[in-house]
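Here is a quick tour of one protein chain, helix by helix and strand by strand. Have the model open while you read.

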Amino acid sequence: MCGIPGGIGFPERRCVMTTNRGRGARSVDFSEVRERVPLEWFFEAVLGATPKAMSGTIRFPVCPQCGPSSKHSVKVSCKDGKWKCHACPGKGDVVEAAAKHWGLSLKDAALRLVNADQEVMQSYEPPKARPALERDDSALHEVIAKLLAVSQPPTNAALAYFKGRGIGEAIVKEAVKRGLLVVLPHDPELCKKYLVDVAGRDALIASTLWREDAKAPAAAFRPLMFVSKEGKAAEFRIMRLTEPGEHKSLRYGGIHPWAWVNESQDRIMLTEGCLDLLASLAMGTKRSIIGLPGCENWRDDWFAKLKGRDVLTAFDADEAGLAATQKITPVLQKAGASKVDAYELPKDAKDINEQLILQGPHCKLDFFETQESTEPYRDATLSLPGCDQWISLQFGTLKGRHVKLTLGGPKTRNDAALERLVSTLKSGKATVSVANPR
């Protein structure tokens with residue numbers, strides 16, 4: 001009998017498992033199950049998902065592990081009998097997909113798949129992916145360099161978009177000045193003409209920004225261009241609400257980070273994406289920021305210069321973000337970071353930018369990050385509109401520190417709210433005293 005191999009995926013050798021059920025024994029040949037049951041069939045017939053043909057892969061809007069995505073996303077990619085979810089750590093083959101979806105063991109999931117109607121299997125026609133494009137990195141770098149060279153100040157439409165995301169004009173203009181952001185014409189036809197005039201159609205095709213069989217480059221519909229460090233990759237983002245089945249952003253080039261050198265270079269922040277990078281600046285952080293092109297898209301060598309630095313990770317509050325935080329923390333510690341913390345988002349926010357939108361322009365990432373010195377913290381005063389008008393994030397990191405509350409007169413007192421405030425401060429491991437008690 002062959003045991004179940006550990007981890008994700010099965011070895012290519014033929015593996016047969018014998019299971020005892022009732023009077024007899026049943027055998028499961030995992031290789032045969034994978035051959036007989038197409039992965040795409042499982043997604044279509046069992047999960048009820050509609051396939052979307054992409055370059056070199058088939059995408060689906062539902063994951064066997066974390067469920068359906070929003071109507072704007074096709075988060076699971078399938079290729080060569082394997083699936084991978086880009087919203088959670090889920091991945092594997094058809095047996096693992098079935099096991100996760102049905103909540104069964106691998107052997108029971110395989111047995112259930114074997115019992116599927118074989119006539120249906122034989123008549124099933126898997127969807128075909130578009131041919132994968134061969135990217136010319138030198139052509140892509142040339143296109144990015146040309147667009148950077150003629151970059152213009154942000155348009156009023158772009159400023160309005162970022163304002164709606166809580167990010168002010170000064171930060172947007174500085175991002176353009178630093179070459180982190182290029183704002184293209186927001187009208188698709190004008191953007192198409194601009195891209196051709198600046199870079200040339202042949203270069204756009206060679207860089208894979210424009211498919212030869214397409215009427216226009218996809219970037220023409222995504223006028224916000226976030227440029228990675230050293231201009232080796234770019235992400236083009238829609239500047240409006242997305243439509244059903246639409247990708248809000250498309251990334252071209254290899255895996256490269258965004259970077260923002262800030263007032264403090266001894267304290268570093270890692271964000272998931274460039275929009276969260278800008279949102280963190282709007283929330284007052286003084287840390288220098290590394291924006292990752294996805295919480296799982298990074299290389300260990302990016303962190304080689306973080307020795308002796310205080311690092312704060314700030315990924316999305318989803319399963320993928322939490323898993324990435326656990327995965328990257330020991331890597332940062334091995335790189336020599338003096339301190340590694342994970343930023344905790346409020347319960348109603350899924351990422352940094354959503355927190356900024358929900359809590360408004362007075363939202364602060366960390367109150368003490370706005371101070372001139374950090375270790376040790378100097379005395380700081382925070383004036384609250386009232387003892388019941390605050391959010392816990394205003395208090396930053398108070399562990400081991402003393403907080404003195406100075407209260408107003410009896411008419412402004414709210415004992416229940418004061419009790420909640422004191423409890424919150426103490427839960428942050430601070431000691432608390434109250435001045436002007438009643």
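Let's begin at the end of a helix: just after α2, Gly 48 takes a positive phi of about 65°. The helix itself covers residues 39-46, and its buried residues are Leu 39, Glu 40, Trp 41, Phe 42 and Phe 43. Keep in mind throughout that this is a predicted model.

Helix α8 has a glycine of this kind too: Gly 179, just after the helix, has a positive phi of about 80°. Here are the two side by side.

| Helix | Residues of the helix | Glycine just after it | Phi of the glycine |
|---|---|---|---|
| α2 | 39-46 | Gly 48 | about 65° |
| α8 | 169-177 | Gly 179 | about 80° |

Now for α8 itself. Which of its residues are buried? They are Ile 171, Val 172, Ala 175 and Val 176. Look down the helix axis and these buried residues fall within an arc of 140°, so they line one face of α8. The general rule behind such a pattern is that an α-helix has 3.6 residues a turn, so residues three or four places apart point the same way. Swing round to the other side of α8 and you'll find Ala 170 and Lys 177, both exposed.

And what sits over the buried residues of α8? The cover includes two helices, α7 (156-164) and α11 (274-282), along with the strands β10 (181-183) and β14 (258-260).

Two of those neighbours lead us on to a sheet. It is open and made of four strands, in the order β10-β11-β12-β13, with antiparallel pairing. At the edges are β10 and β13 (249-252), each pairing on one side only. From one strand to the next, the twist averages 20°. Inside the sheet, β11 (residues 224-227) and β12 (residues 234-237) run antiparallel and are joined by four bridges. To pick out one pair, Leu 224 has Arg 237 in β12 as its bridge partner. Helix α7 lies across β10, β11 and β12, and runs at about 75° to β11.

How far does the predictor trust all this? The chain averages a pLDDT of 81, and 78% of the residues score at least 70. Among the elements, β10 has the highest mean pLDDT (98), while strand β1 (residues 16-21) has the lowest (44). Over residues 1-24 the pLDDT is below 50, and this stretch has 56 contacts in the model beyond near neighbours in sequence. Residues 370-378 also have a pLDDT below 50, with 12 contacts beyond near neighbours in sequence.

Conventions: Residues numbered from 1 in each chain as written. Predicted model: local features only at pLDDT ≥ 70, side-chain atom pairs only at ≥ 80, totals over all residues. Heavy atoms only, no water. Buried < 20%, exposed > 50% of the residue type's maximum accessible area, 1.4 Å probe, protein only. Arc of directions from axis to C-beta. Contact = heavy atoms within 4.5 Å. Pairing = 2+ DSSP bridges. Axes fitted to C-alpha atoms, helices over the stretch in contact; angles between N-to-C directions. pLDDT = per-residue confidence, 0-100.
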